[in-house]
Amino acid sequence: MSHSEPSRAGPATGAVRPGISVLLDERRDLLAGKRVGLLTNVSGVLPDLTASADALIAVAEVRALFAPEHGLLGAGAEGAAIEDGRHPAGVPIYSLYGARHAPTPEQLAGLDVLVCDIQDVGCRFYTYAWTLVQTMAAAARAGVALIVTDRPNPLGGVQIEGPGVAAAYRTLVGLHDVPIRHGLTIGELARLVNAEARLGCDLTVVPCAGWQRAQWWEATGLPWVPPSPNMPTPETALVYPGTCLLEGVNVSVGRGTAKPFEWLGAPWVEAPRLADALNGLALPGVRWRPIAFEPCAPPYAGLLCYGVQPHVLDRQAYQPVAAGVALLWALRATHARHFAISPATEIYADDEAMRRRGYATPETWQTAHFDRLAGSGWLRELLLADATPAQIMAACAHEPERFRARAHAALLYS
């Protein structure tokens, strides 16, 4: 069941207040007399940058903290298992990335309610929303209520782009059928999945105050705290729905540089040739610049890489998923001898690391991650069949409007 009804925020008259502020200022009754757990990380802060965990511990009986990928402090490496720990106030911290992806019945046994305060980036690949979904399912089984204190979608809530996820490809980069750029806040996504997947979670969403769907991040007046090590700015989040697709091919996405997901390339790329091919497509709102960079993280750590950086000139016109597809096409068109749909092998040091990421056997490593990011095998098949970027995007052109109709009942903002 859900206690929250759609709230239509009026015209913004000042800074947006995140749901955690609304909870603490106006809805503390939801916590009164309750034994509380909190799912959060470094991005869970009040507008004055007080950590949500500290603020909640000061006013409620917080019994447990839960942390997603990268850990409570957001310092863990991509894909790295995170260990349990303890907050300075003595509250245990349970990792939901590593041995487990959801709270255990024993961890939930002493709780009445779970609160989730975490910043999503508006893209299906980002694992935090799916950690929340698995936590919702565990809470439903344990009879524990769950409160999501909502936060703005940094990409706005208007544009939707890209394909959904076929049933056989549901993983921690997409556990439900939503497009790559879904246009929802984390609270709206929780409402949608709770209803469609029939999780049975006793879910309450505390909306942000003052946010409207058309607002970009800087209009909120909220500080940007990088929610993960390679999401340093809202500009990173804007390109991420497209450039993260390159994690499934043998190039660097700029991890270990000043511009993750913006500096893209490999030692074998001819940068001017690649930039010319992309600029020749005249994609709306973006210009591609040839670059060179040396990442200090795999793949290609310590090697000079050549490639491109997308410069977004008009973010209203820019379509990040289409830009990512165009980049994949251009890499293959200009570097067919080197380009491969398989992760650069330096990322994965051993079999155990591969299994943690969902790769069952060496035979499935080559294309599995790419297909899971794409939501099925369709993108790989079209690329290998020499389809143009326009033809590829036409194959999923119906997805946004279909999803918009499905998601309407879950919306909380106008």
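Me: Two strands count as paired if DSSP finds at least two bridges between them. What makes β1 and β5 a pair?

Reply: In this predicted model, strand β1 (residues 35–40) and strand β5 (residues 113–117) are joined over 5 bridges. The cut-off is at least two bridges, so β1 and β5, with 5 bridges, count as a pair. The sense of the pairing is parallel. G37 stands opposite L114 in β5, and the bridge partner of V36 in β5 is V113.

Me: How many bridges join β5 to β6?

Reply: There are 4 bridges between β5 and β6, which run parallel. Set against the cut-off of at least two, 4 bridges make a pair, so β5 and β6 are paired. One of the residue matches is C116, whose bridge partner in β6 is V148.

Me: Where do these strands stand in the sheet, and what is its order?

Reply: The order is β3-β4-β2-β1-β5-β6-β7, an open sheet of 7 strands with mixed pairing.

Me: Why are β3 and β7 said to stand at the edges?

Reply: β3 (85–86) and β7 (203–206) each have a single partner strand, so one side of each is left without a neighbour in the sheet. Two helices lie across strands of this sheet. Helix α2 (residues 52–59) lies across β1, β2 (61–67) and β5, and runs at about 175 degrees to β1. Helix α4 (residues 128–142) lies across β1, β5, β6 (145–149) and β7, at about 155 degrees to β6.

Me: What makes β5 mostly covered?

Reply: Of the 5 residues in β5, 5 are buried, and buried stands for a relative accessible area under 20%. Both faces are covered: V113, V115 and D117 are buried on one side, and L114 and C116 on the other.

Me: Why is T127 called buried?

Reply: The relative accessible area of T127 is 9%, which is under the cut-off of 20%, so T127 is buried. T127 is found in the loop between β5 and α4. Leaving aside neighbours within four places in sequence, T127 is in contact with E69 and L172.

Me: Why is helix α5 said to be largely enclosed by the rest of the structure?

Reply: Helix α5 (residues 186–196) has 11 residues and 9 of them are buried, so the helix is largely enclosed. The buried residues are I186, G187, E188, L189, A190, R191, L192, V193 and N194. These residues pack against α4, β6, β7 and α13 (399–407). Just after α5, R198 takes a positive phi of about 55 degrees.

Me: Why are α4 and α5 called oblique to each other?

Reply: α4 and α5 pack at an angle of about 45 degrees, with their axes 10 Å apart. Angles under 35 degrees count as roughly parallel and 65 to 115 as roughly perpendicular. The angle of about 45 degrees fits neither range, and therefore the two helices are oblique. The contact is made by A129, W130, L132, V133 and M136 of α4 with I186, L189, A190, V193 and N194 of α5. The crossing of α4 past α5 is right-handed.

Me: What makes α7 oblique to α8?

Reply: The axes of helix α7 (residues 271–279) and helix α8 (residues 320–334) cross at roughly 130 degrees and come within 9 Å. Roughly perpendicular ends at 115 degrees and roughly antiparallel needs over 145. The value of roughly 130 degrees falls in between, so α7 is oblique to α8. R273, L274, A277 and L278 of α7 make the contact with A326, L327, A330, L331, A333 and T334 of α8.

Me: Which strands are the edge strands of the sheet with the order β8-β10-β9?

Reply: This is an open sheet of 3 strands with antiparallel pairing. Its edge strands are β8 (264–266) and β9 (286–293), each of which pairs on one side only. β8 is joined to strand β10 (residues 305–312) by 3 bridges. The cut-off is at least two, so β8 and β10 count as a pair. In β10, V308 is the bridge partner of L264.

Me: Where does pLDDT stay under 50?

Reply: It stays under 50 over residues 345–351, and is also below 50 over residues 357–363. Where pLDDT is low, the predicted coordinates should not be read in detail. For the protein chain the mean pLDDT is 91, and 90% of its residues reach 70 or more.

Definitions and conventions
Residues are numbered from 1 along each chain as its sequence is written. This is a predicted model: local features need pLDDT of at least 70, side-chain atom pairs count only at pLDDT 80 or more; totals for chains, interfaces and linings use all residues. Side-chain values use heavy atoms; hydrogens and water are left out. Contact means heavy atoms within 4.5 Å. Axes are lines fitted to C-alpha atoms, for helices over the stretch in contact, and angles run from 0 to 180 degrees between N-to-C directions. pLDDT is the predictor's confidence in each residue, from 0 to 100. Buried means under 20% relative accessible area, exposed over 50%, partly exposed in between (1.4 Å probe, protein chains only). A crossing is left-handed if the near helix is turned anticlockwise from the far one by less than a right angle, and right-handed if clockwise.
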